[in-house]
Amino acid sequence: MTSLALINEFLGQPPNVSEHGYQIDHIIEFCHWFMGALFIGWWAYFIYVLIRFRKSRHPVANHEGVTSGISTHLEFAVVLIEGVLLIGFAIPLWSQRVNAFPNDKNAIVVHAVGQQFNWNFHLPGPDGVFGRRDLSLVSNSNPLGLDSNDPHSKDDLVVLGELHVPVNRNVVVDVSSKDVIHNFALPNLRIAQDAIPGEIIPMWFKPIKTGSYDIVCGQLCGLGHYAMKGTLVVDTPADYQAWLKERAELAAPAAPAALQRPPGEPAPGPTPGTVPPPGAPKTEKPGGG
Ligand SMILES: [Cu+2]
């Protein structure tokens, strides 16, 4: 989808790579032009009034004021345009985002969990079922508290900072937080969702272009907020399968020993499925930064 986006581009908006993004861009672009017109219109009128009704020309005030109805009509036109923007475009678009979730089995479902100051991702693995997570199991080596005694967690993947998704497939991200309010924001995909402790809030999008894009935190969540960045990699289907395979292989060696331990005993090594991406810090300090 191409669109006339002069002001958006001038203001440095990153390129859109999601299916619905052009609709957001159209609204933003139109609002900028509309606000520009109002800005110029109001200022032109203000300067005209300053000159037209200056004291030297009108030493005595006219208390009767304006008698023509043109200002009322102009105000009504502005309200009408804003009403059409809100009711005709913004609310339907928002409604589609929050109500029309894809129900096809082909959609990728991922859990994104924010924490100061990282994004953790939990993928269900080949069985398609998310393993149980328990807050009491959360540790430095098991950032999401994945229960290794749950058979469904055996093939799960937990990755830090970098999420891969295939191109042209619907992606549903269940967003939550471990500590404070964060915001899972994907500027290139024109979508963001608050990550609220104690709540799991889904959002969805369809990436339409391969590449690496920023994942940022859109809420001021603490001293390290500025560094709370991740990467969304939109892959070709083949690259996505290769990434899943690579992650599964990296997670595999630790699995057998950890699965044999009795319940309740602390894990000797890294929890199965927990694979920090290359270059990630070894331990996270909650509250640090
Ligand atoms: Cu944050």
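1. Let's start with strand E6, residues 182–186. Five of its five residues are buried, so the rest of the structure largely encloses this strand. Keep in mind that you are looking at a predicted model.

2. What about the two faces of E6? Both are covered. His182, Phe184 and Leu186 sit on one side, Asn183 and Ala185 on the other, and all of them are buried. When you turn the model around, try picking out these two sets of residues one after the other.

3. Next, the partners of E6. Strand E7 (residues 191–195) runs antiparallel to E6, and five bridges join the two. For a spot to look at, take leucine 186: its bridge partner in E7 is isoleucine 191. E6 and E7 make a hairpin, with four residues between them. One thing to check in that turn is arginine 190, which has a positive phi of about 55°.

4. E6 also pairs with strand E9 (residues 211–217), again in the antiparallel sense, through two bridges. Here phenylalanine 184 of E6 stands opposite cysteine 217 in E9. You met Phe184 above as one of the buried residues of E6.

5. Now hop over to strand E2, residues 118–123. How many of its residues are buried? Six of its six, so to speak a full house. Asn118, Asn120 and His122 point one way, while Trp119, Phe121 and Leu123 point the other way.

6. Who pairs with E2? Strand E1 (residues 108–115) does, antiparallel and over five bridges. These two strands form a hairpin with two residues between them. To find your place, look for valine 113, which stands opposite asparagine 120 in E2. Strand E3 (residues 157–160) is another antiparallel partner of E2, joined to E2 by four bridges. There, histidine 122 has valine 158 of E3 as its bridge partner.

7. Histidine 111 deserves a paragraph of its own. This residue lies in strand E1. Is histidine 111 buried or exposed? Its relative accessibility is 16%, and buried means under 20%, so histidine 111 counts as buried. The side chain of histidine 111 makes a polar contact of 3.4 Å with the side chain of aspartate 174. If you skip the neighbours within four places in sequence, histidine 111 touches Asn120, Phe121, His122, Phe130, Arg133 and Asp174. Asn120, Phe121 and His122 are familiar from E2.

8. Over to the surface. Phe39, Ile40, Trp43, Phe46, Ile47, Leu50 and Ile51 form a nonpolar patch there, and together they have about 760 Å² of accessible area. Phenylalanine 46, one of the patch residues, lies in helix H2, which covers residues 21–52. With a relative accessible area of 42%, phenylalanine 46 is partly exposed.

9. Finally, the whole chain. How many helices and strands does the protein chain have? The count is five helices and 11 strands. Of the 289 residues, 36% are buried. Take the contacts between residues at least 6 apart in sequence: 69% of these join residues at least 24 apart. The protein chain exposes about 17000 Å², with carbon and sulfur atoms supplying 64% of that area.

Conventions
Residues are numbered from 1 along each chain as its sequence is written. This is a predicted model: local features need pLDDT of at least 70, side-chain atom pairs count only at pLDDT 80 or more; totals for chains, interfaces and linings use all residues. Side-chain values use heavy atoms; hydrogens and water are left out. Patches are made of residues with over 30% relative accessible area and no salt bridge: like charges are joined within 9 Å, nonpolar side chains (Val, Leu, Ile, Met, Phe, Trp, Tyr) within 5 Å. Accessible areas come from the Shrake-Rupley method with a 1.4 Å probe; for residues, only the protein chains shown count as cover. A salt bridge is a side-chain nitrogen of Lys or Arg within 4 Å of a carboxyl oxygen of Asp or Glu. Buried means under 20% relative accessible area, exposed over 50%, partly exposed in between (1.4 Å probe, protein chains only). Two strands pair if DSSP finds at least two bridges between them. A polar contact is a pair of N or O atoms within 3.5 Å; within protein, one must be able to donate a hydrogen and the other to accept it, and residues adjacent in sequence count only if both atoms are side-chain atoms. Contact means heavy atoms within 4.5 Å.
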